[in-house]
Amino acid sequence: MGRVHQCLRLRAASNMDLRDDEVGPLQLRTPCAPHIAARLEGRTISRDSLLAAVRGVAARADIAFVEGVGGFRVPLVPGWDTADLAVDLGLPVVLVVGLRLGCINHALLTAEAVRARGLPLAGWVANIVDPQTSRLEENLATLAERLPAPCLGRVPRLAVATPAAVAAHLSLSAL
């Protein structure tokens, strides 16, 4: 999905009148880690500008979400990654767990990294990437037992992942 299309979908899901650069202050075309995409596109990621943009929108909103662009520890610039971004913003973390082989280890290690940074794990969402994952229900039960936060929803593999279609599978009342 192109960046313009993503911004349109996110803007449609918001009740605020936001510009594309406010919805996505770090928009890169290349589908890879931001530090690599920025290098390939001849762009520079500015820590100060990114923080100011997110804080500016968050100050006007009742609730704001910042996507982790591929995970909790994705590099943005030398010496600063998405975990540092969350710490700098003082945000609680919602972990999206892609249900597939290896998801338990990945989710538990990520939760451990979140706690090590002193951030609260507000909840987790089961994203069923592969519906044929072996022992899916047992994996979900293990995650529910071991992750120190509530499950906020179980999103099945969707033919069309619109905000409304995803939201129908979420219960954010625990936030």
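In which helix is His35 found? Select His35, and helix α3, residues 34-40, is the element that holds this residue. Bear in mind throughout the tour that the model is predicted.

**Stop 1: His35 and its contacts**

With His35 still selected, display its surface. His35 has a relative accessible area of 33%, so the residue is partly exposed. Next, add Pro75 to the selection. Along the sequence, 40 residues separate His35 from Pro75, yet their C-alpha atoms are 6.1 Å apart in space. Then show the side chains of Ile45, Pro75 and Leu76, which His35 touches when residues up to four places away in sequence are not counted.

**Stop 2: Helix α5**

Select α5, which spans 82-89. Is this helix enclosed or open? Six of its eight residues are buried, and therefore α5 is largely enclosed by the rest of the structure. To see the buried residues, colour Thr82, Ala83, Asp84, Leu85, Ala86 and Leu89. Around them, bring up α4 (47-60), β1 (75-77) and β2 (80-81), the elements against which the buried residues of α5 pack.

**Stop 3: Helices α4 and α5 together**

Keep α4 and α5 on the screen and hide the remainder. The two axes come within 11 Å of each other and cross at roughly 50°. An angle from 35 to 65 degrees is neither roughly parallel nor roughly perpendicular, and so α4 is oblique to α5. The crossing of α4 past α5 is right-handed. On the α4 side of the contact, select Arg47, Leu50, Leu51, Val54 and Arg55; on the α5 side, select Leu85, Asp88 and Leu89. Sorted by class, the contact of α4 with α5 contains five nonpolar residues, three charged residues and no polar ones.

**Stop 4: Helices α6 and α7**

Move on to α6, residues 103-116, and α7, residues 136-146. How do the axes of these helices cross? The axes of α6 and α7 come within 10 Å and cross at roughly 15°. Because of this, α6 is roughly parallel to α7. As for handedness, the crossing of α6 and α7 is right-handed. To display the contact, choose Cys103, Ile104, Ala107 and Leu108 in α6, which meet Asn139, Thr142, Leu143 and Arg146 in α7. The residues of this contact of α6 with α7 comprise five nonpolar, two polar and one charged.

Before leaving α6, select Thr110, which is found in that helix. Is Thr110 buried or exposed? Its relative accessibility is 12%, so Thr110 counts as buried. Leaving out residues up to four places away in sequence, Thr110 touches Phe72 and Leu95.

**Stop 5: The nonpolar cores**

Now select Val97, Leu99, Trp124, Leu143 and Leu147. These five touch the most other members of the largest nonpolar core, which has 21 residues. Several elements, namely α5, β3 (93-98), α6, β4 (121-127) and α7, each supply at least two residues of this core. Which element gives the most to this core? The answer is α6, with four residues.

Centre the view on Leu99 to follow one core member outward. When neighbours within four places in sequence are set aside, the residues in contact with Leu99 include Ala126, Ile128, Val129, Leu136, Leu140 and Leu143. Apart from the largest core lies another one, of seven residues, and Leu51, Val54, Leu85 and Leu89 are among them.

**Stop 6: The loop between β4 and α7**

Select Arg135, which lies in the loop between β4 and α7. With a relative accessibility of 57%, Arg135 counts as exposed. Look at its backbone as well. Most residues other than glycine have a negative phi. Arg135 is not a glycine, although its phi is positive, at about 60°.

**Stop 7: Helix α8**

For the final stop, select Val166 in helix α8, residues 163-167. Val166 is partly exposed, with a relative accessible area of 25%. Add Pro156, which is ten residues from Val166 along the chain; the C-alpha atoms of the two are separated by 8.5 Å. Finish by showing Val155, Leu158 and Ala161, with which Val166 is in contact when its neighbours within four places in sequence are left aside.

Methods. Residues numbered from 1 in each chain as written. Predicted model: local features only at pLDDT ≥ 70, side-chain atom pairs only at ≥ 80, totals over all residues. Heavy atoms only, no water. Buried < 20%, exposed > 50% of the residue type's maximum accessible area, 1.4 Å probe, protein only. Contact = heavy atoms within 4.5 Å. Axes fitted to C-alpha atoms, helices over the stretch in contact; angles between N-to-C directions. Parallel < 35°, antiparallel > 145°, perpendicular 65-115°, else oblique. Left-handed = near helix turned anticlockwise from the far one by under 90°. Nonpolar A, V, L, I, M, F, W, Y, C, P; charged D, E, K, R; others polar. Core = buried A, V, L, I, M, F, W, Y, C linked by side-chain atoms within 4.5 Å.
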